[in-house]
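Biologist: I should like a close look at the cysteines of this protein. Please set out the reasoning step by step and then place the result beside other parts of the fold.

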Amino acid sequence: MKVELISYTKDAEKIVAAAAKLCYSSASVHEIMDGLDREKTQKFIELLLSMGHESPIEHVSFTFAIEGVSRSLLAQLTRHRIASYSVKSQRYVTEGQFEYVVPPEIAAIDGAKEIYNEAMHKSQEYYNKLLDILQEKHFNTLIAQGKPEKKARTAAEKLAAEDARFVLPNACETQLVTTFNARSLFNFFNHRCCERAQWEIREMANEMLKLVKEKAPVLFKYAGPPCLTGPCPEGVKSCGKQKEKRDLYLKNL
């Protein structure tokens, strides 16, 4: 897995503070911005968060490039609807030799890993066979319809990939670019940094949190699982590690 912060709102914390102050000030945005030094910005951000006034946080955003994650993770990630996603397409990009994610629990057991790898190789084999069969069928049809050979071959490959991809596993690696505003990131970290989140998306969320904390440490000071700032909401399903999680996210992450 590789997570990289490729773009973000410059002076994010100052912009959030200025946007919030504007709601209660007769001064112009530029006057407010000019009056905000680092110390004043920090104090106001802390006040804003303590009040739960989150709408000004939406004015700043962060864009990540993510590689080496599974399609299974993608299905969970896109449930976070207030975000933008651009994902490598299995429809337009054929998987000549797909890479795949191996869950740690499977990787730790030789017998399980062997079965898992065999399943991946079989999926690749069936995918390739389907591509060949479908490409030939579509190519012949397009030629019969009068398409030039070069265009027919390109179109046949795309049409074949549309259907052959159905045999590809959730483990298949993908890459994407995603953009979140900061308020949506708070919600994302709240759900996905929790110990009860699936291991892969939790690992990715932690990497994303580290990156945004470097750029806006005050804004994201209390970002993470909900147990950082209150009781665990999971009830009987709680991991029971609140102190450990607070030490990790508030002191070390």
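Modeller: A residue is called buried when its relative accessible area is under 20%, exposed when that area is over 50%, and partly exposed in between. The model discussed here is predicted. By that criterion C227 is buried, because its relative accessible area is 8%. C172 is buried as well, with a relative accessible area of 0%.

As to bonding, a disulfide requires a pair of cysteine sulfur atoms within 2.5 Å. The cysteine sulfur closest to that of C227 belongs to C232 and lies 6.1 Å away, which is too far for a bond. The structure as a whole holds 0 disulfides.

The surface offers another point of reference. Y126, found in helix α6 (residues 110-144), is partly exposed, its relative accessible area being 44%. Together with L130 and V167, Y126 makes a nonpolar surface patch of about 230 Å².

The sheet completes the picture. Four strands form an open, antiparallel sheet in the order β1-β2-β4-β3. The edge positions are taken by β1 (2-8) and β3 (83-87); each has a single partner strand, so one side of each is left without a neighbour in the sheet. From one strand to the next, the twist averages 20 degrees. For β1, the antiparallel pairing with β2 (residues 61-70) comprises 6 bridges, and V3 has I66 in β2 as its bridge partner.

Terms used:
Residues numbered from 1 in each chain as written. Predicted model: local features only at pLDDT ≥ 70, side-chain atom pairs only at ≥ 80, totals over all residues. Heavy atoms only, no water. Patch = residues over 30% accessible without salt bridge, like charges linked within 9 Å, V, L, I, M, F, W, Y side chains within 5 Å. Areas by Shrake-Rupley, 256 points an atom, 1.4 Å probe, with all protein chains shown as cover. Salt bridge = Lys/Arg side-chain N within 4 Å of Asp/Glu carboxyl O. Helix = DSSP H or I, 4+ residues; strand = E, 2+ residues; numbered from the N terminus. Buried < 20%, exposed > 50% of the residue type's maximum accessible area, 1.4 Å probe, protein only. Pairing = 2+ DSSP bridges. Axes fitted to C-alpha atoms, helices over the stretch in contact; angles between N-to-C directions.
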